[in-house]
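Hello,

Here is the structure I promised to pass on to you. Have a look at it first, and then read on for what turned up in it.

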Amino acid sequence: MINFRPSDTSAVTAEKAFSFISKGWREVKDSTEADLQLMKDRAKSFKNLASSFDREFENFLTSASRSTFPVPAISNSSSLTPAEIDFVKKKLQPKLTEFRRAYSSPDFSKRVLEKWSPRAKIGIDLSAIRNAIVSEVEEVDGRDRYRRTRVRDFSGVGDGDEGQVVRNWEPIRALKTRLRELEQKSSSSEIIEGLKNSELVEKVKSSLKAICKEPEYLKEVPPLDFQELLACLVRQSGPFLDHIGVKKGISDKIVKSLCSKKKNQLLLRSFPSGESSIIESENITDELDIRIASVLQSTGHHYEGGLWDDFTKRDSDERRHVAIVTTASLPWMTGTAVNPLFRAAYLAKSQKQSVTLLVPWLTRTDQELVYPNNITFSSPEEQEVYIRDWLKERVGFNADFKISFYPGKFQKERRSIIPAGDTSQFISSKDADIAILEEPEHLNWYHHGKRWTDKFNHVVGVVHTNYLEYIKREKNGALQAFFVKHINNWVTRAYCDKVLRLSAATQDLPKSVICNVHGVNPKFLEIGEKMAADKEEQKFSKGAYFLGKMVWAKGYWELIDLLAKQKQDLNGFKLDVYGNGEDAHEVQSAAKSLDLNVNFMKGRDHADDSLHGYKVFVNPSVSDVLCTATAEALAMGKFVVCADHPSNDFFRSFPNWLTYKTPEEFVNKINEAMSRDPQPLTPEERYNLSWEAATQRFMQYSELDKILNSTTGLESDKVNGIVRKSKSVPNLTSVVDGGLAFAHYCLTGNEFLRQCTGAVPGTRDYNKQHCKDLNLLPPHVENPIYGL
């Protein structure tokens, strides 16, 4: 999928990319200047050597004209003869003077650079000096002695013990060495060959490679031409052509006609010599497949699926992988934190599939706003220990599943956690098999990343919350609910293969079915069994209570309204309320102003011993989808008085469930519950409330049992242990869903549009604190705009 970014982030990233390229070119420039300066210094040194040689030679002539002197380092003879001095003055001195003037002039280096072309030759002609010396040696007797003198004088490799003379001739020795090197590298091709191994060229190569990496084998395998691309398109369009009346035989002839002209050269240019025998194949289709494969291999591309699907690999483990992604985590005691945790534990208990639970990680500031009793964590590992200890205490077994964290940000206005960045990237490709999205609409409102159905083979959404009911209670709620309703339809259709609604209280979403896939903590069932076994008449020593987060949307409006309207009929009825929340002060103030017989207490765990003695649980909420507290109260053997609402349909078969439609019926049900004891649950009723039964229902209604166990469908496309989706041509529905996902991706990439629709600023990518806490690379390093 194309990676769109907002303009401000793109500008910053582009500036960094340009800075990276500029830095590379600056290094090349600095290295070039350094090499040129070195060349200038060497030319200057060459000039100084020539001047030094001239001075030494003049001193030599002056000394020779005054008297004869021994030169033990030059010759074995005791002195220079007049003939030798005359040879130097008349023959050698003019040539050396001409050589010095020619090669020590200031314009020498300039002329050398001007002649530096591919066919130019740079050399220093020493033949004049050589010929003068050779001709003189041939004319004079004692040829061996002169030859010996010639070689030793100008090579500067004396073996004598007199170090002073050798030091006087050191400039000549250095000059001769440099001239010999220049003569050996006289051609420009040799000089250029030397430059290839220089530091300057290496820096240029490395800078260019950093900017643009040339794919391996790119020069060896040419790209597909028009005829090959057209043949491939015709062959891939076979089902479509057959649908419109073009038979398969005709399309095969078209492919053969397009490829026949290139048959003799098709594989010759794709494979090295020695493998051309494959050309003898008479199957044009096979040859085209091999040709396409060779081109893909030459580009370094690793093919993992088709155009419409991003197929993922599985590791060597034969078990399938299930990733559960949720929007909350303990110690926040909310349904989306508790229920996905139990689902992960019981799915992993069967050991038929490996499970990963992905929960949000909040920074310390957000933790202080969300988690109760001032509980905070300094690291994800510390929070994971807390979660596992809490779970083990309640389920009684060690759940073998993995817990991972993704960056999240708490939104005060909506009192919920919004994912920051692409949540799907925190599930590795090898584990991207089956995804369970707890609250799929919530997870995908502002999801800007890879499409879930592209990365995973099967995606199941579980709807927990009736967002429309909550939004209608806000300012301009009807208008907001209208837009949210269509956005929920949009994202669930684009990102899910199957959607499970816990009850009919939620909106009707595409691809959805209604089924309660939640169970209760085994601890509550144990409490119910214990209460049923207790034969004492006073086992329920307390009356009625209500437990829930103290926010108006959790049923407190309905509760206060019922108690106020039926105050006279409920004379003597006392209700204890347990809960904490943002609206606690307002709720308590409203109850006090109406002089209601309500006792408010701090929130606590529903399994707390202090709650076992209550006989009646009251829950008038109509905003819940499936109230967990209601199921827990039934599991403990209590009466439950609830409104006649679709969210409570699952509990209609339980004998201790009492429903009302009007305030008058509410009073009747309260009186009925207070006047008698509840019936003990049967084994079947206890099983229906358990997580074992909920997991079984989940496997059935999500169709995971078929996907995990069948030998057809996905399994039919298994290659080398890799499960792949069907590679058939996508139908119109999948094309529309893909278009919706692409449009959503584009819109959520714009920060202005995100904030206009209520997103937390800066949640398109995770922040620096998330990077530090979760050991993540910064977003601009993780996903650069260049080099993709």
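Let me start with helix α25, where Ala-629, Thr-630, Ala-631, Glu-632, Ala-633, Leu-634 and Ala-635 are buried. Please keep in mind throughout that this is a predicted model. Seven of the eight residues of α25, which spans 628–635, are buried, so the helix is largely enclosed by the rest of the structure. What do these buried residues pack against? Their partners include two helices, α22 (522–533) and α27 (683–689), as well as the strands β9 (542–547), β12 (614–619), β13 (639–643) and β14 (657–660). Just after α25 comes Gly-637, with a positive phi of about 85 degrees.

The four strands that α25 packs against bring us to a sheet. Six strands make up this open sheet, and they pair in parallel, in the order β11-β10-β9-β12-β13-β14. At its edges stand β11 (598–601) and β14, and each has a single partner strand, so one side of each is left without a neighbour in the sheet. From one strand to the next, the twist averages 25 degrees. On the β11 side, strand β10 (residues 575–578) runs parallel to β11 and is joined to it by four bridges; one bridge pairs Tyr-578 with Met-601 in β11. Helix α26 (residues 663–675) also packs on this sheet, where it touches β9, β12, β13 and β14. The direction of α26 makes about 160 degrees with that of β14.

There is another open sheet, this time of eight strands with mixed pairing, in the order β4-β3-β2-β1-β5-β6-β7-β8. Its edges are β4 (416–419) and β8 (512–514); each has a single partner strand, so one side of each is left without a neighbour in the sheet. Neighbouring strands here are turned by 30 degrees against each other on average, direction ignored. At the β4 edge, strand β3 (residues 402–411) pairs with β4 in the antiparallel sense over four bridges, and Lys-409 has Ile-418 in β4 as its bridge partner.

Which helices pack on this sheet? One is α17 (residues 380–395), which touches β2 (353–361) and β3, its direction making about 110 degrees with that of β3. Another is α28 (residues 691–701), in contact with β5 (434–438), β6 (458–463), β7 (498–501) and β8. Relative to β7, the direction of α28 makes an angle of about 140 degrees.

Earlier in the chain, have a look at a helix pair. Helix α10 (residues 226–236) and helix α12 (residues 248–260) pack at about 165 degrees, with their axes 9 Å apart. The two are therefore roughly antiparallel to each other, and α10 passes α12 in a left-handed crossing. On the α10 side, the residues that meet α12 are Gln-227, Leu-230, Ala-231, Val-234 and Arg-235; on the α12 side they are Ser-251, Ile-254, Val-255, Leu-258 and Cys-259. The general rule fits nicely here: an α-helix has 3.6 residues a turn, so residues three or four places apart point the same way.

Finally, the cysteines. How many disulfides does a search of the whole structure find? The count is zero. As for where cysteines sit, Cys-496 is buried, at 0% relative accessibility, whereas Cys-756 is exposed, with a relative accessible area of 54%.

Enjoy exploring it!

Best wishes

Technical notes: Residues are numbered from 1 along each chain as its sequence is written. This is a predicted model: local features need pLDDT of at least 70, side-chain atom pairs count only at pLDDT 80 or more; totals for chains, interfaces and linings use all residues. Side-chain values use heavy atoms; hydrogens and water are left out. Two strands pair if DSSP finds at least two bridges between them. Axes are lines fitted to C-alpha atoms, for helices over the stretch in contact, and angles run from 0 to 180 degrees between N-to-C directions. Contact means heavy atoms within 4.5 Å. Buried means under 20% relative accessible area, exposed over 50%, partly exposed in between (1.4 Å probe, protein chains only). A disulfide is a pair of cysteine sulfur atoms within 2.5 Å. Angles under 35 degrees count as roughly parallel, over 145 as roughly antiparallel, 65 to 115 as roughly perpendicular and the rest as oblique. A crossing is left-handed if the near helix is turned anticlockwise from the far one by less than a right angle, and right-handed if clockwise.
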